[in-house]
Amino acid sequence: MTDLTSAAPLLEVEDLRVHFHTPRGAVEAVRGLSFTLGRERLGIVGESGSGKSQTGRAILGLTAGNGRITAKTLRFQGQDLLSLSPKQWRAVRGARMSMIMQDPKYSLNPVMTVGDQIVEAYRQHHRVSAAEARLRALAMLARVKIRDPERVFATYPHEVSGGMGQRIMIAMMLIPEPDLIIADEPTSALDVTVRLQVLAILDDLVRERGMALIFISHDLPLVSSFCDRILVMYKGRVVEDLKASELHAARHPYTQGLLGCLPKLDQRQETLPVLRRDPRWEHGTLEEVTR
Amino acid sequence: MSGAVLQAVPGTGIDVSGLNVWFGDHQVLHGVSFSVPEGGALGLVGESGSGKSTVLRALCGLVDQWSGALRIDGAELGKTRSRGFYRVVQMVFQDPFASLHPRHTIDRTLSEPAQVHGLDRVEERVVTALEQVGLDRSFRFRFPHQLSGGQRQRVAIARALMLEPRVLLLDEPTSALDVSIQAEVLNLLKGLQRDLGLTTLMVSHDLAVVSHMCDAVAIMNRGRILETIAAEDLAAGRVDHPYSRQLLRASSGFDRAVIDSFVDWE
Ligand SMILES: Nc1ncnc2c1ncn2[C@@H]1O[C@H](COP(=O)(O)OP(=O)(O)O)[C@@H](O)[C@H]1O
Ligand SMILES: Nc1ncnc2c1ncn2[C@@H]1O[C@H](COP(=O)(O)OP(=O)(O)O)[C@@H](O)[C@H]1O
Ligand SMILES: [Mg+2]
Ligand SMILES: [Mg+2]
């Protein structure tokens, strides 16, 4: 793996922009996003359409064909992602960084057993015998708290529940031991207890392997309880960047509004506050919108 | 225990007693009982597959194999629902995209139920229903794809209101919406509940949403109601069943100690 001095960030993003060409004109999905990422859990939150997924996809080089990416800097472990050849991408994507999607149904191959898929994911990046890859895959299934790995190894994706499918996805993405995982709403389709159990597995892996995690979600309270730092996105821009533990002290009226409009279990109110959008949020700095 | 928190006056509201439902050999509801007084609101909460939607579908006559007694305003429901049933009971579903016809204008979507039921002053009713959900007249001749998710859900609610029902069955009406839009739709529903005196049965997987909207919440697990809790008790954390306690603790975010204490209820 790339040798890292502890001071160098894992990922550097400066002025990232993603434009799409559509028959109706240009769509600016991401407008000048900047952040650096160390070995931490970074949450990206915002409403649907705010550009969270497109940010993740741009980092992984997965932007759709009608999209164009520009950035002053887009560097991962010191390597410029904007100038990678397809061959170089293959050595990065899946091996050193990978993505967990919301719905395992679209990411798992329906006609291949779970075990074979995990084995394949491993052997794409490691030259080992089939027998050793199998042992690795079983260990990884156990690692994501699957109780009977041997049995699950031989099942097909449609035979497992949503929570189990998501654990399998995580096993598949983690087995090559990437340094960065981008998880795009990985638990939004799951029931609340299963969701937390899946997050606990990710949490263990981040701690034990020193992996970095970008956790994309629309669930602000969940992100603040799980991540170290939060980027709040609004219409393609980061409008606030804060420590998760300081969410209650958020300054941007959009962040405050998103928190305020949630019904609270321990606090009964007749009417919920609604979000009053200010046109200044689209371009203004935090200082400008709080003035 | 269930049903004790909210008590309907006999002959009014919703009364479900000993409801069993089967799909083939698979029994998915086991003796579900509860009642909602006229003008009251009950929430049904539970994980996916626990049977929440099936309760609503049984009330609407959309399941074939069931036993038990279902009463609306004291009248026992049989195997099929009459046209008159839908003048009293209306349902709103989770996905406003799937529930609106993509090639019908909003005007047509709203007019149709009134025409089917032979009501007069259809145009006036359409305008009133749109006003009730906070949409102006300019929306009448738009199509669903020209509306945002929140606007589509308002249209679905307006359609339910066209027949001036007394009972509203809501199945995850805001689960597909952003929280800012959810707040607007919940405020709208709560206002309608209050102003029109609607009797409401609301299904959700979100404890905070149902306890905000309802007087009491029934906790469902694997086709059974475990307990029914008054909203104030839920807010204060006063629950009896260990499963309810687990759901409640899980609703407060990521906490390793809490997660490690989870028991599998399958
Ligand atoms: N292939 C595409 N062509 C045109 N617009 C797109 C394309 N993909 C995404 N977009 C637009 O980019 C914006 C951001 O989308 P996305 O990143 O998916 O939002 P989020 O994940 O925050 O919900 C949206 O307005 C979306 O419609
Ligand atoms: N049409 C159907 N045919 C067979 N099984 C069904 C059907 N509808 C629901 N079920 C089953 O009934 C159970 C309860 O489902 P449902 O009421 O949809 O749960 P919830 O709304 O709480 O998620 C589930 O096990 C589900 O798979
Ligand atoms: Mg997205
Ligand atoms: Mg349901």
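**Note on a two-chain model with two ligands**

1. The shell of ligand 2 comes first. The residues around ligand 2 are B:F23, B:V28, B:E47, B:S48, B:G49, B:S50, B:G51, B:K52, B:S53 and B:T54. By class, that shell has two nonpolar, six polar and two charged residues. Keep in mind that this is a predicted model.

2. Which helix gives the most to the shell around ligand 2? Helix α1 of chain B, residues 52-59, does, with three residues. B:K52, B:S53 and B:T54 are among the residues listed around the ligand.

3. Polar contacts to ligand 2 involve both backbone and side chain. A polar backbone atom of B:G49 sits 2.7 Å from an oxygen atom of ligand 2. For B:S50, a backbone N or O atom is 3.2 Å from an oxygen atom of the ligand. B:T54 uses its side chain: a polar atom there lies 2.5 Å from a ligand 2 oxygen. On its own, ligand 2 has 560 Å² of accessible area, and the protein covers 58% of it.

4. Now ligand 1, on chain A. There are 13 residues around ligand 1, and A:G49, A:G51, A:K52, A:S53 and A:Q54 come nearest. The class count is three nonpolar, eight polar and two charged residues.

5. Which elements of chain A each supply at least two residues of the shell around ligand 1? They are β1 (11-22) and α1 (52-59). Helix α1(A) gives the most, with three residues.

6. Backbone atoms of three residues approach oxygen atoms of ligand 1. For A:G49, a polar backbone atom is 2.7 Å from a ligand oxygen. For A:S50, a backbone N or O atom lies 3.2 Å from one. For A:Q54, the distance from a polar backbone atom to a ligand oxygen is 2.9 Å. Taken alone, ligand 1 exposes 570 Å², of which the protein buries 67%.

7. Next, the chain-chain interface. Chain B puts 34 residues into the contact, and chain A puts in 31. The two chains bury about 2,800 Å² between them. Carbon and sulfur atoms account for 58% of that area.

8. How many salt bridges are counted between chain B and chain A? The count is four. In one salt bridge, the side chains of B:R256 and A:D204 meet at 2.8 Å, N to O. Polar contact across the interface amounts to 13 residue pairs, with both residues at pLDDT 80 or more.

9. On the chain B side, five helices each supply at least two residues to the surface that touches chain A. They are α6 (179-196), α7 (207-213), α8 (231-235), α9 (242-250) and α10 (256-260). Helix α6(B) provides the largest share, 10 residues. By class, this side of chain B has 17 nonpolar, nine polar and eight charged residues.

10. Points to look at in the viewer. At the interface, start from α6(B), with its 10 residues on the side that touches chain A. Then find the salt bridge of B:R256 and A:D204. At the ligands, look at position 54 in each chain: A:Q54 approaches ligand 1 through a polar backbone atom, while B:T54 approaches ligand 2 through a polar side-chain atom.

Definitions and conventions
Residues are numbered from 1 along each chain as its sequence is written. Chains are lettered from A and ligands numbered from 1 in the order in which they are written. This is a predicted model: local features need pLDDT of at least 70, side-chain atom pairs count only at pLDDT 80 or more; totals for chains, interfaces and linings use all residues. Side-chain values use heavy atoms; hydrogens and water are left out. Contact means heavy atoms within 4.5 Å. Buried area is the accessible area (1.4 Å probe) that two parts lose on being put together, summed over both. A polar contact is a pair of N or O atoms within 3.5 Å; within protein, one must be able to donate a hydrogen and the other to accept it, and residues adjacent in sequence count only if both atoms are side-chain atoms. Helices (H or I, at least four residues) and strands (E, at least two) are DSSP runs, numbered from the N terminus. Ala, Val, Leu, Ile, Met, Phe, Trp, Tyr, Cys and Pro count as nonpolar, Asp, Glu, Lys and Arg as charged, and the others, Gly among them, as polar. A residue is near a molecule or strand if one of its heavy atoms lies within 4 Å of it. Accessible areas come from the Shrake-Rupley method with a 1.4 Å probe; for residues, only the protein chains shown count as cover.
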